[in-house]
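Here are my notes on the model you sent over. Have the structure open while you go through the points.

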Amino acid sequence: METIKRNVLLNPGPATTTDTVKMAQVVPDICPREKEFAGLMKGLRSDLLKVAHAPEDEYTSVLFCGSGTINIDVCINSLVPEGKKILVVNNGAYNSRAVEVCQMYHIPYIDLKSSVYEQPDLKAVEQTLKENPDVAVVYCCHHETGTGVLNPIREIGALAHQHGAIFISDTTSTLGMIPLDVVKDNVDFCMASAQKGLMAMSGLSFVIGRKSVIEASKHYPTRSYYCNLYLQYEYFEKTGEMHFTPPVQTIYATIQALKEYFAEGEQAKFARHRRVYEAIRKGVTDMGFQTVIDPKIESGLVVSVKYPDDPNWSFERVHDYCYDHGFTIYPGKISTTNTFRLCALGAIDVKDIEDFFVVLHDALNHYNIRL
Ligand SMILES: *Cc1c(COP(=O)(O)O)cnc(C)c1O
């Protein structure tokens, strides 16, 4: 077998994958309506529950063909009952995406906005819930991937429950990297896509959530055909299959990725991402870059770095130099600050980060950029 060029992706997903995950996609052609394939999905759905420590009798996982945003769409359009509201605890781009979904579907919502540089204020969440007894759903993303801020979802979930609401968390950029226990963390619905924490390929996304709520949602207003949570769930329950064509090869890759996930182990994987993050922080600081977010509230998965002031700086050129050497970095604007991001996702380790900083150093020298 030819070896595949290894790129180190420091962008916030898709992430660097192992060769064994890449190769798992190369399989004999199969019609996904075969029993054999349904059997694969059954095991996959059950393994996904294990990643989130979700008890099988209370939770289920529902698969969708699409990028991670499909989960946000599905959860919001499917889980808000008639005459009720959703409260979006919003401190960044991914929570704002949830607000945009509410707007698209004309779902009544409260956009509780706060600084993108900080965690949300729990007092404000509590006050809003007190003043708005018609809030049936509270929503907050676990990790604002655009900044690197980790949100206190356990506390937000507890407040939701105290006020009779369910709690949905977008865990796309943490699940499989930072341990999550849906019961202890007060999460009724979470979500992710295969290409982030699980280190598989893009095209498969999944929602993990409470069966009783999905069943109740059968009677909620239906706002989408393709992206309705109850319909997809019911189809899985009846047939073991996705309602429409699944991303076949991505599913094979995800099954392999889950094998590797359990072999590495939740805690060991968490520790690896953490040391990669520490290496990124060290490299950035040693070179003299400035960062944007206080490390105390960072997820340990994303570092947002400010563009240097030097007029020779060009993100494009530095990006291209790094890219040509096998490293991908990613731009991003936080409020009015121009930044780029270095992320600790994927099948990488400290050595990759050390190698990256050698290349980044060379890039700055090459273009005569001073920090
Ligand atoms: C990556 C990501 C998503 C999904 O983005 P897609 O481009 O649709 O895959 C959603 N939420 C968060 C927090 C993410 O990091």
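1. Start with the contacts. Counting those between residues at least 6 apart in sequence, 72% link residues at least 24 apart. Keep in mind that this is a predicted model.

2. On make-up and overall dimensions: the chain has 12 helices and 14 strands. Its radius of gyration is 21 Å, close to the 21 Å that the globule rule gives for 371 residues, so the chain is as compact as a globular protein of that length. If you want a box to picture, the C-alpha atoms fill one of roughly 65 × 55 × 35 Å along the principal axes.

3. Now inside versus outside. Of the 371 residues, 58% count as buried; the cut-off for that is under 20% relative accessible area. The chain exposes about 15,800 Å², and 52% of that comes from carbon and sulfur atoms.

4. What about the charges: how far apart are the mean positions of the positive and negative ones? They are 1 Å apart, with 36 positive and 45 negative charges in the chain.

5. Strand S10 is worth a look. It spans residues 204-210, and 6 of its 7 residues are buried. Strand S2 (residues 59-65) runs antiparallel to S10, joined to it by 7 bridges. S10 also pairs with strand S9 (residues 189-193), again in the antiparallel sense, over 5 bridges.

6. To find your way around that part of the model, go to Phe-206 in S10. Leu-63 stands opposite Phe-206, and so does Ala-192. Leu-63 falls within the residue range of S2, while Ala-192 falls within that of S9.

7. Another pairing involves strand S11 (residues 302-306), which is mostly covered, with 4 of its 5 residues buried. S11 and strand S14 (residues 337-343) are antiparallel partners over 5 bridges. For a landmark here, use Val-305, whose bridge partner in S14 is Phe-340.

8. Finally, is helix H3 enclosed or open to the outside? Of its 10 residues (69-78), 9 are buried, so H3 is largely enclosed by the rest of the structure. The buried set includes Ile-70, Ile-72, Val-74 and Ile-76. Asn-71, Asp-73, Asn-77 and Ser-78 are also among the buried residues of H3, as is Cys-75. When you browse this helix, remember that an α-helix has 3.6 residues a turn, so residues three or four places apart point the same way.

Definitions and conventions
Residues numbered from 1 in each chain as written. Predicted model: local features only at pLDDT ≥ 70, side-chain atom pairs only at ≥ 80, totals over all residues. Heavy atoms only, no water. Helix = DSSP H or I, 4+ residues; strand = E, 2+ residues; numbered from the N terminus. Rg over C-alpha atoms; globule rule 2.2 N^0.38 Å. Buried < 20%, exposed > 50% of the residue type's maximum accessible area, 1.4 Å probe, protein only. Contact = heavy atoms within 4.5 Å. Areas by Shrake-Rupley, 256 points an atom, 1.4 Å probe, with all protein chains shown as cover. Lys, Arg positive; Asp, Glu negative; His and termini not counted. Charge placed at Lys NZ, Arg CZ, Asp CG, Glu CD. Pairing = 2+ DSSP bridges.
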